[in-house]
Amino acid sequence: MVRINDIVEEVLKYNPQADVELLQKAYIFSAQAHKGQVRLSGEPYLIHPLEVAYTLTKMNLDVPSIISGLLHDTVEDSYVSKEEIEDYFGKEIADLVDGVTKISKIELKPSEDSKVENFRKMILAMSKDIRVILIKLADRYHNMLTLNFLTSDKQIEIARETLEIYAPLAHRLGIEWLKGELEDIAFKYLNPYEYRKITEKLAKTKKERESYINEVKDLIKEKFEQFHLKMEVSGRAKRIFSIYKKMVQEELNIDDIYDLIAFRVIVDSVKSCYLALGIIHASFKPIPGKFTDYIALPKANMYKSLHTKVIGPHGEKIEIQIRTHEMHRLAEEGIAAHWKYKEGKVFDPKEDRVFGWLRRIIESQQELKDNKEFMEVFKIDLFPDDIYVFTPRGDIKELPKGATPVDFAYAIHSDLGHKCIGAKVNGKLVPLKHILKSGDAVEIQTSPTHKPSKDWLSFVVTSKAKTKIRQWIKSEQRERSIELGKALIEKELSKHDLSFSKMLKTGDLLTIAKEFSFETADDLFAGVGYGLYTPLHVLGKYIPEAEKPTKLQKIISTIRKGKDTSIHIEGVDGVVVRFAKCCNPIPGDKILGFITRGRGLTVHTIDCPNILAYDDQRKVPVSWDLNKQYAYPVRIKVLGDDKKGLLSEISTVMSTHKANILSAQAMTYPDKSAAGIYEIEIGHMSQLQKIIKSLQKIKGIRSVERVKGNA
């Protein structure tokens, strides 16, 4: 258990002038505020802020940050107010605590939009003071260490959020040890089977691995002594999640991975780094294409090091990182080593290249109103694997791995991206979807009349390119739909001797638009152009019921008769409803409708990747009408041991929960495992969840998951 003396001791190691008295005062204040409170583990609540503050000392953070770690839950979980903290500890600490409080209010099961709004608040808090997110990361780290006291559903939800958001944030902030810890803990809960396999493998080979590490370390020391080069060397097993990613990427079994060990060589200067690299390559056979120079071209988070892979003793592949003491400090402390805290200084992400990614995210959160698109670009900027390419003038542009000439063009300027018709890479013409590599010289060819293509969205990878292309497409589609809607309405009005231009001039069309809950007449025209409403709907709002010709009444009556489905469409009647096969929505899923010209309304799950690319103007809020009972097909994948009677047990579960099996596919594998894809009919998500939980209880079942689409 961490004590306040441990925290003070750590702070004094890197900051001998630290205000110890203020730290002690914050500890007493926190202890009083949390008096009598306990965590789910049964431990006193005070243990949590102490652990958070101690983690912050590992980042060598300043005293205000450490104190904010001690106080970060006092406003949210006790009687303390922000004003009281300001009275006791000053405005700087009060603002830090307030910032952490605001981004800590993420409920475990809110709506998706609510959760995204919380992330937007987190970005705004980061833009004001980066220390807020460092404190939040320390808070999340200790919460992950005590995740075993929560229910399994909450464990999975928090672990997934940690892997998707907080671990990448730690990486972007350069705190690699914290990123690794968060990934491994999250992986433990998200894929316990693979986690257990890897940990068991590492445990079995621990003695052998330690012996090998010592052998290689001795060899490296011996070689460096011959050149009288001062150095430190250490070795360790790679992290569990890192090993798993390699297994997935290279389609390997754990027994087929041999480069499980990484070594780190630390020297005194940059010059010595390159000399050390020469010694390593002279002593061990380097593996072609496995050398990366992050000193000449640092990562986006300013990480610097030389990485190389070589064939070590006994033919084992090993990774060796070479860096200076200062580079190592930067890699351990991350952003805290770059950012200097000064009294009264406001954080400005424009000041340092290390914050370039944060600037992009801040711009995205201001420009993108759609929460799904915001989260997409947020995650794109959190997962970089950077390359460096050159402009015709010789300037370096940093792009994520997989970037194309179109990404490059948008990185220079939005207009250049919009007008891009071709590109030369290293003097040769290439397709626009060509994948760029580090060191490429890129020249963009343009045409003043050219416009972006929707097809570009299938290959661009940068958040800026995706955002700008979508914005242009939406604007262009809206203009076309407005013109089409005008033409359709004008044509229908003329059939009944009504003047479109006169109704527009008198404001009659604006009045009709507002009856459909539109703000402007153009919104109404776009709605008709998209197919959301027909010209007859518009006419029906204008002509009084008594004056409508009998034929017109019949037509309007016909189009208002909707197909009897379990879907309720807000403000719309008479639209043919289909369910998207790409995501197979079922009652209980959050859903969204999309108007397709000539095909009515298609219902998708709200997180379906396909609907993200669709035009917002044609998306329609829909909900389930649970008063109507229908059977919906859904597919589940069951992975387990290949044993007799398993199929019978699975069928029994389906029958018990009154689910009709439409089809079943079974496969067996050499490792004595089996997989089955079952298509069943259900009435609601709750029924599916009960089936999945019952299947998971069957002995020999490893995993059960819902399969969306045709995958």
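Begin by selecting R329: at 30% relative accessibility, this arginine counts as partly exposed. The model on screen is a predicted one, and the tour moves through it by selecting residues and elements in turn.

**First stop: helix α16**

Keep R329 selected and add E326. The two side chains meet in a salt bridge, with 2.9 Å from N to O. Both residues belong to helix α16, which covers residues 325-333, and they stand 3 residues apart, so about one helical turn separates them. An α-helix has 3.6 residues a turn, and therefore residues three or four places apart point the same way. E326, like its partner, counts as partly exposed, here at 41% relative accessibility.

**The whole chain**

Zoom out to the full protein chain before continuing. It has 29 helices and 20 strands. Of its 711 residues, 49% are buried. The chain exposes about 35,500 Å², and carbon and sulfur atoms supply 50% of that area. Consider next the contacts between residues at least 6 apart in sequence: 65% of them join residues at least 24 apart. A search of the whole structure for salt bridges finds 18.

**Second stop: helix α7**

Select D95 and K91. Their side chains form a salt bridge, the N to O distance being 2.7 Å. The two residues lie 4 residues apart in helix α7 (residues 91-103), so the separation is about one helical turn. How does their exposure compare with the cut-offs? K91 is exposed, because its relative accessible area is 51% and exposed means over 50%. D95 is partly exposed, with a relative accessible area of 29%.

Now extend the selection to K82 and D98. Salt bridges that share partners join K82, K91, D95 and D98 into one network.

**Third stop: strands β17 and β20**

Select D641 and R702. These residues form a salt bridge in which the closest N and O atoms are 3.0 Å apart. The pair links distant parts of the chain: D641 is in strand β17 (residues 632-641), R702 is in strand β20 (residues 701-707), and their positions lie 61 residues apart in sequence as the stated separation. D641 is partly exposed, with a relative accessible area of 30%. R702 also counts as partly exposed, at 26% relative accessibility.

From here, move to S673, which is found in strand β19 (residues 673-682). Is S673 buried or exposed? S673 is buried, with a relative accessible area of 4%. Leaving aside neighbours within four places in sequence, S673 is in contact with both members of the salt bridge just visited, D641 and R702, and also with G640, D642, M667 and T668.

**Fourth stop: the loop before β20**

Select I698, in the loop between α29 (685-696) and β20. I698 is buried, with a relative accessible area of 10%. Which residues does I698 contact, leaving aside neighbours within four places in sequence? The contacts are L646, E649, I650 and V653. To inspect one of these pairs, draw a C-alpha to C-alpha distance between I698 and E649: the two are 7.6 Å apart in space and 49 residues apart in sequence.

**Fifth stop: helix α21**

Select E492, which is found in helix α21 (residues 463-495). Is this glutamate buried or exposed? E492 is buried, with a relative accessible area of 14%. Not counting residues up to four places away in sequence, E492 touches P535, L536 and L539.

**Sixth stop: helix α4**

Select residues 63-71, which form helix α4. How many residues of this helix are buried? The helix is mostly covered, and 9 of its 9 residues are buried. They are V63, P64, S65, I66, I67, S68, G69, L70 and L71.

**Last stop: a charged patch**

Finish by selecting E215, D218, E222 and E225 and displaying the surface. Together they form a negative surface patch. E215 lies in helix α13 (residues 206-226). With a relative accessible area of 31%, E215 is partly exposed, and that value satisfies the patch cut-off because patches take residues with over 30% relative accessible area.

How values were computed: Residues are numbered from 1 along each chain as its sequence is written. This is a predicted model: local features need pLDDT of at least 70, side-chain atom pairs count only at pLDDT 80 or more; totals for chains, interfaces and linings use all residues. Side-chain values use heavy atoms; hydrogens and water are left out. Patches are made of residues with over 30% relative accessible area and no salt bridge: like charges are joined within 9 Å, nonpolar side chains (Val, Leu, Ile, Met, Phe, Trp, Tyr) within 5 Å. Accessible areas come from the Shrake-Rupley method with a 1.4 Å probe; for residues, only the protein chains shown count as cover. A salt bridge is a side-chain nitrogen of Lys or Arg within 4 Å of a carboxyl oxygen of Asp or Glu. Lys and Arg count as positive and Asp and Glu as negative; His and the chain ends are not counted. The place of a charge is taken as NZ of Lys, CZ of Arg, CG of Asp or CD of Glu. Buried means under 20% relative accessible area, exposed over 50%, partly exposed in between (1.4 Å probe, protein chains only). Contact means heavy atoms within 4.5 Å.
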